[in-house]
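Please look through the sequence and the model below before reading on. The paragraphs that follow take up cysteines and then enclosed spaces.

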Amino acid sequence: MGLSLDEARKVAHLARIHVEEDELPAIAKELSGILDFMGQLNEVDITGIVPMTSVTPMKLKLRQDVVSTGGDKEVVLSNAPLSEQGFFAVPKVVE
Amino acid sequence: MGLSSLTISEASNLLIKGDITATELSQSCLEEVDASSALNAFSWYDHDLVLEQAKAADQRLAKGDDSPLCGIPLGIKDLFCVKETPTQAASKILHGFKPEYESTVTQKLKDTGSVLLGKLNMDEFAMGSSTEHTVYSPVISPWRAKGSDKPLTAGGSSGGSAAAVAANLCLGALGTDTGGSIRQPAAFTGVVGLKPTYGRCSRWGIVAFASSLDQAGPFARTVKDVALILEAIAGYDPKDSTSYDAKVPQFSSFITGDIRGKKIGIPKEYRLDGMPEEIEAIWEEGKEILKDSGATIVDISLPHTRYALPTYYVIAPAEASSNLARYDGIRYGYRASVDSETNIVDMYKRTRGEGFGPEVKRRVMIGTYVLSQGFYEAYYIRAQKVRTLIKRDFENAFDLGVDAILTPTTPSSAFALGTIGEDDPIKMYLNDVFTVTVNLAGLPGISVPARLDSKGLPLGLQLIGKPWGEGDLLNLSQVIETNVNFDFKPQRWW
């Protein structure tokens, strides 16, 4: 199945990846190739098969709903590219 | 031969007896690492930090600490968060990131007194089979084909770990394996590499790629050494809800050499058209060795094998697109420089467009596509159903009494850098054809060196075990190791 340029542009946008217009044909072609490869899965009879959700048969553990960590503002912000007055700084979000 | 070429077991004996010190051993490794820049195996290391840890280990040893990893220098794949140490997953998008916390497995290594030598090169976010897709320079294998000086791949994604162990830069290393990223590089470089059962080791603090497939595991030069590292890093961790809550066995005690009565399955689907004769030959040799040592060889069928790669290339990118959504240029790592008028979505897109390499972008986009409205059922749910069938194939084999499955690790020996996947990414994906099924089924798998091919390059055999059956797997592997007596080393050119 071929991916159109519009579809490639859309998937790049959904993935939040900037792509130049002139890169789109190559990307569409590559993604189409990979999707074709996945198309082999259509040969498999999956009637009545349950999709896998957990590869090892384990029950997820529950834990007490209590505070375990917190109050580490400096630590949390220490790797931020930009922070101001104890907050992450981002471009203007509200017009 | 310097101290860095010792095995972990040998070095540990000498350390405990006091014949050598952890400082001497670490210095020997540092000299080797200093001289290894042509391999690009290490992405980061610091002399002072290493010697500080070695000194602490020497103090522990002086007080009678006899844990087998105390004072042993190990390399760590750049995917593991090590506190206050640059951790980049070989990606520009994590430029400058220094974790404020420690991954559970590296903490466990530190607790045993091992010396963490530094960070090892890899494919960006562990996506690749050649360690060419890295923000650092590609890893170059210490191995070269006979009569050639062409740079070869050390495999991937844990190519730095494999190269470092093969070139005696460290005594062992940690890697991760999502589709073969420990076993394939181990096979390409003539070392032992183990992917544990999913859940055996905590994933906490490891930069996530595909959470339902990722497992940490050891590289070393012998099966016994791999067992020693596994003993240290395995175990339940409340911070990883998928980790297995059971007592960790003493894996090295399973290595008895007695494999009488074990039933070894040979899956007919792993015999590929056009597979090199030499691969066929090591497979035969592996069977003979196990048979001569008292195991029974049986033919088995794993009928959905051929669908494993397409299944993997739906599920892994889907999980990656979700895991990698966190790289937004706000909380850590790289942020594109944008002016104050740029809206936040454009800032995300610029940051991710500039910060991710081409293979990562490709997989994130594929993952986004297969999870998007209208395609989710057709691709993702279908792939998860086929995954159920792939796992069932293995369960059926184990139900017939098979204890382990023997296969080649890779369909070829190491290839030259820059030759695979440039024009067609799927060609690179095909490298994982024998390893990827194991991740999809959550099973343990190990690669042991078998022979050199006619080009003089290592080939590996893979053993696949039952869930939580690492002990048996190590025992069988050591029988192969002892019988093939693989004592080849790369000729030093770096």
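**Cysteines and cavities**

Over all chains of this predicted model, the count of disulfides, a disulfide being a pair of cysteine sulfur atoms within 2.5 Å, comes to zero. C29(B) forms no such bond because its sulfur lies 6.7 Å from the closest cysteine sulfur, that of C170(B), which is too far. C170(B) likewise is in no disulfide, the sulfur of C29(B) being the nearest one to it. C29(B) has 0% relative accessibility and counts as buried (under 20% relative accessible area, with over 50% called exposed and partly exposed in between, using a 1.4 Å probe on protein chains only), and C170(B), also with a relative accessible area of 0%, is buried.

The structure also holds two cavities of 30 Å³ or more, where a cavity is a set of points, on a 1 Å grid over the protein atoms alone, at which a 1.4 Å probe fits but cannot get out, and lining residues have an atom within 4 Å of a point. The largest cavity contains about 60 Å³ of space, and its lining includes G128(B), F209(B), R363(B) and D432(B). That lining divides into four nonpolar, six polar and two charged residues.

The second largest cavity contains about 40 Å³ of space, and among the residues that line it are L79(B), F209(B) and D214(B). Its lining divides into five nonpolar, three polar and one charged.

Residues are numbered from 1 along each chain as its sequence is written, and chains are lettered from A in the order in which they are written. Local features need pLDDT of at least 70 and side-chain atom pairs count only at pLDDT 80 or more, while totals for chains, interfaces and linings use all residues, and side-chain values use heavy atoms, leaving out hydrogens and water.

Notes:
On a 1 Å grid over the protein atoms alone, a cavity is a set of points where a 1.4 Å probe fits but cannot get out, and a pocket is an open set with protein on both sides within 12 Å along at least five of seven lines; lining residues have an atom within 4 Å of a point. Grid points are joined across faces, edges and corners, and a volume is the space filled by probe spheres set on the points. Ala, Val, Leu, Ile, Met, Phe, Trp, Tyr, Cys and Pro count as nonpolar, Asp, Glu, Lys and Arg as charged, and the others, Gly among them, as polar.
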